[in-house]
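Reader: I would love a close look at one part of this protein, namely its salt bridges. Could you walk me through them and show me how they sit in the rest of the fold?

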Amino acid sequence: MTTRLTPKTIFLLTLPPLLWAGNAIVGRLVHDMLPPVLLNFLRWAIALLILLPLAGRVFQRDSALWGHWRRYALLGLFGIGLYNTFQYMALQSSTPINVTLVASGLPVWMMLTGRLFFGVAVSGRQMAGAVLSIAGVLVVLARGEWRHVLELRLVAGDLFMILATIAWSFYSWMLMRTREPAALRADWAGFLAAQVAFGALWSGAFALGEQWLGAIPVRWSWWLGAALLYVAIFPAVIAFRCWGEGVRLAGPAIGAFFVNLTPLFTALLSSAFLGEAPHAYHAAAFALIVAGIVVSARRG
């Protein structure tokens, strides 16, 4: 069910992209203070501690969660363990603007994943939108110079972000294939806490592997502590809560347009906090990506 866009709905759908843009900025600011995989684990461990007082009942022995724990383990793996780990790894070598613009190609990967692994048909409009969105991503990867694409000169962070969007595509399609009781999904705190708990376990295992391979030492400071609190509270708990309610009110088709505000917010925040002014090719890439979304979402 969808409704017209009200000021409340617009606010609920606009705040998450702003907070997610802030997540990319903070991830870049602390990239030399602690390893990226450990950052992801600490973020979601703190988020879980915040959610427990609101959703501790979901982990009780008689909870419906345990009948579907394998599903939530996979949701935690793709949506939290892999997606966020790859995103923070991407920010080690790529700028927040590039990372969020590459992530804006998500609808393309959503379409491909749905067709190849979930048997969802693809329309002609979706194909046309995919071409436009892919062109936008290529503009980012090429840094505005097509010879870079021809020479396959890609920054490692861009490739990590592509892997992140593929992981998020699997996560999103799995969310639509619901099997658990409606009451469990209706409880936003319990539904999120169940995913976060399994995601934190996956992230913890990945962080141990990162340490075993030889990660940079953690440089603890009050700034790092504040950064961890920000990424755990705002782009995790608050953004997920607002996004879920906003999509409930407006519908996922309308919500998809708001996701693409993230690169714009990131460009503004990067200019303010990192001194990384956006380039003309960023604007061109964003226009192509949004055009792809608009074309693929149109009916008739």
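Author: Happily; here is a tour that starts with the overall fold and then goes through the charged pairs. Please keep in mind that this is a predicted model.

The protein chain contains 14 helices and zero strands. For its 300 residues, a compact globule would have a radius of gyration near 19 Å, and the chain agrees with that at 19 Å. Its C-alpha trace spans about 55 × 55 × 40 Å along the principal axes. Contacts reach far along the sequence: among those between residues at least 6 apart, 87% join residues at least 24 apart.

Now to the part you asked about. The count of salt bridges comes to five. One of them pairs Arg-219 with Asp-32, whose closest N and O atoms are 3.6 Å apart. This pair links distant parts of the chain, since Arg-219 sits in the loop between helix 10 (188-213) and helix 11, while Asp-32 sits in the loop between helix 1 (7-29) and helix 2, 187 residues apart. Arg-219 is partly exposed, with a relative accessible area of 47%, and Asp-32 is partly exposed as well, at 37%.

Another salt bridge joins Asp-187 to Arg-57, with the closest N and O atoms 3.0 Å apart. Asp-187 belongs to the loop between helix 9 (182-186) and helix 10, and Arg-57 to the loop between helix 2 and helix 3, so the pair ties together parts that are 130 residues apart in sequence. Arg-57 has a relative accessibility of 45% and therefore counts as partly exposed.

Leu-54, in helix 2, gives a further view of a link across the sequence. Leaving aside neighbours within four places in sequence, Leu-54 is in contact with Trp-188 and Ala-189. The C-alpha atoms of Leu-54 and Gly-190 are 7.5 Å apart, although 136 residues separate the two in sequence. Leu-54 is partly exposed, at 44% relative accessibility.

A salt bridge of Arg-241 and Glu-245 stays within one helix: the two are four residues apart in helix 11, so about one helical turn separates them. Their side chains meet at 3.9 Å, N to O. Arg-241 is partly exposed, with a relative accessible area of 32%, whereas Glu-245 is buried, because its 16% is under the 20% cut-off. Finally, Arg-71, Glu-180 and Arg-185 are joined into one network by salt bridges that share partners.

What about the nonpolar side chains? The largest nonpolar core has 34 residues, and Val-30, Leu-34, Leu-39, Leu-101, Val-102, Met-161 and Leu-224 touch the most other members. Several helices each supply at least two residues of this core, including helix 2 (36-55), helix 3 (69-90) and helix 11 (222-250). Helix 4 provides the largest share, five residues. Val-30 touches Leu-39, Trp-223, Leu-224 and Ala-227, not counting residues up to four places away in sequence. Apart from the largest core lies another core of 13 residues, among them Ala-55, Ala-189, Val-196 and Ala-236.

On the surface, Leu-112, Leu-116 and Phe-117 make a nonpolar patch of about 330 Å². Leu-112 is found in helix 5 (residues 106-117) and is partly exposed, with a relative accessible area of 36%.

Conventions: Residues numbered from 1 in each chain as written. Predicted model: local features only at pLDDT ≥ 70, side-chain atom pairs only at ≥ 80, totals over all residues. Heavy atoms only, no water. Patch = residues over 30% accessible without salt bridge, like charges linked within 9 Å, V, L, I, M, F, W, Y side chains within 5 Å. Areas by Shrake-Rupley, 256 points an atom, 1.4 Å probe, with all protein chains shown as cover. Salt bridge = Lys/Arg side-chain N within 4 Å of Asp/Glu carboxyl O. Buried < 20%, exposed > 50% of the residue type's maximum accessible area, 1.4 Å probe, protein only. Core = buried A, V, L, I, M, F, W, Y, C linked by side-chain atoms within 4.5 Å. Contact = heavy atoms within 4.5 Å. Rg over C-alpha atoms; globule rule 2.2 N^0.38 Å.
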